[in-house]
Amino acid sequence: MRTYKNPILYADYSDPDVVRVGEDYYMVSSSFTYIPGVPLLHSRDLVHWELINHCVKKLPFEKYALPCHGSGTWAPSIRYHEGTFFVFIPLVDEGILVARSKDPYGEFEWNMLCESKGWIDPCPFWDDDGRAYMVFAYAKSRSGIKHRLSLVEIDSQCRSLLTEPRLIFDGEQIAPTSEGPKMYKRNGYYYILMPSGGVETGWQSCLRSRSVYGPYDYRVVMHQGNSRVNGPHQGGWVTSPDGRDWFVHFQDVVELGRIIHLQPMCFLDDWPFIGQDQNGDGIGEPV
């Protein structure tokens with residue numbers, strides 16, 4: 001990739017998450033009650049994408065035989081672990097569904113990790129010691145909870161919960177409407193990248209800690225600033241084979257949906273910096 005122009009996908013792919021396997025990149029997005037659901041896209045350069053599959057061919061609950069607007073599959077996450085692709089899919093009214101496949105072009109098997117109402121935007125994380133976790137947010141419309149993130153230990157094959165969830169962040173004062181968490185580890189730090197402030201007007205936040213359960217420090221790592229890209233919101237971090245870091249996220253453009261942008265990313269003092277600082281406030285803005 002030499003140059004590119006944002007948006008890289010002027011199409012409605014809400015709540016993207018991305019993972020690299022070798023020379024290939026894979027991206028998933030929300031689909032709500034549309035079937036087939038949770039589209040899976042492939043790219044070799046993070047700019048040109050092809051729709052190759054869907055992770056859900058049907059939703060395993062009878063109510064989805066009829067229109068259920070606002071329900072279904074909310075923001076998914078995708079990870080590759082020990083030769084298998086795992087896609088964590090929140091069914092906002094039923095629980096967390098895990099789809100898995102060794103072949104991204106093949107059939108995905110699924111299981112319900114847990115029954116829950118209002119647990120949204122789950123992301124799995126395997127630590128260096130082999131233990132596995134899931135970070136997630138809450139939908140106020142179902143759970144009465146908002147702004148908070150919790151972490152729960154799960155079995156390494158993503159079939160059951162091992163502990164009760166523990167609250168790791170409450171953003172009501174500094175980062176309201178924090179959701180869509182994605183968990184990573186680098187240089188001994190645990191990072192959670194998340195959108196805050198709402199879809200149309202929000203920003204990208206980051207939590208950082210030396211311990212998986214925290215306490216976590218907080219920082220804004222990208223906002224609209226002087227750019228024309230409103231609410232740079234919710235996505236995933238990926239490192240290319242040449243060692244450069246990138247961040248894929250969406251922008252809400254109302255009737256045309258949620259379109260996809262690609263931002264350069266780097267680390268300054270072990271904090272992620274996304275985009276470019278155009279107005280001198282020390283916070284990244286979309287390119």
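In the predicted model, lysine 117 is partly exposed, with a relative accessible area of 48%, whereas aspartate 93, at 17% relative accessibility, counts as buried, because the limit for a buried residue is under 20%. These two residues form a salt bridge in which the closest N and O atoms are 3.2 Å apart. Aspartate 93 lies in the loop between strand S6 (84-91) and strand S7 (95-101), and lysine 117 lies in the loop between strand S8 (109-115) and strand S9 (119-126), so the salt bridge ties together parts that are 24 residues apart in sequence.

A second salt bridge is formed by the side chains of arginine 148 and aspartate 170, with an N to O distance of 3.4 Å. This pair, too, links distant parts of the chain, since arginine 148 belongs to strand S11 (residues 148-154) and aspartate 170 to strand S12 (residues 166-170), with the two positions 22 residues apart in numbering. Arginine 148 counts as partly exposed at 33% relative accessibility, and aspartate 170 likewise counts as partly exposed, at 36%.

A further salt bridge brings together the side chains of aspartate 252 and arginine 258, for which the N to O distance is 3.4 Å; in this case aspartate 252 and arginine 258 are both buried. Beyond individual pairs, salt bridges that share partners join Lys63, Asp93, Glu94, Lys117 and Arg142 into one network, and the pair of aspartate 93 and lysine 117 described above thus has both its residues listed in that network. Over the whole structure, the search finds 15 salt bridges. In general, side chains of opposite charge can pair when their charged atoms come close.

With regard to the backbone, an open sheet is made up of four strands in the order S1-S2-S3-S4, and their pairing is antiparallel. Strand S1 (17-21) and strand S4 (49-56) stand at the edges of this sheet, and each has a single partner strand, so that one side of S1 and one side of S4 are left without a neighbour in the sheet. Neighbouring strands of the sheet are turned against each other by 25 degrees on average, direction ignored. The edge strand S1 is joined by five bridges to strand S2 (residues 24-28), and the two strands run antiparallel. Within this pairing, aspartate 17 stands opposite valine 28 in S2.

Terms used. Residues are numbered from 1 along each chain as its sequence is written. This is a predicted model: local features need pLDDT of at least 70, side-chain atom pairs count only at pLDDT 80 or more; totals for chains, interfaces and linings use all residues. Side-chain values use heavy atoms; hydrogens and water are left out. Two strands pair if DSSP finds at least two bridges between them. Axes are lines fitted to C-alpha atoms, for helices over the stretch in contact, and angles run from 0 to 180 degrees between N-to-C directions. A salt bridge is a side-chain nitrogen of Lys or Arg within 4 Å of a carboxyl oxygen of Asp or Glu. Buried means under 20% relative accessible area, exposed over 50%, partly exposed in between (1.4 Å probe, protein chains only).
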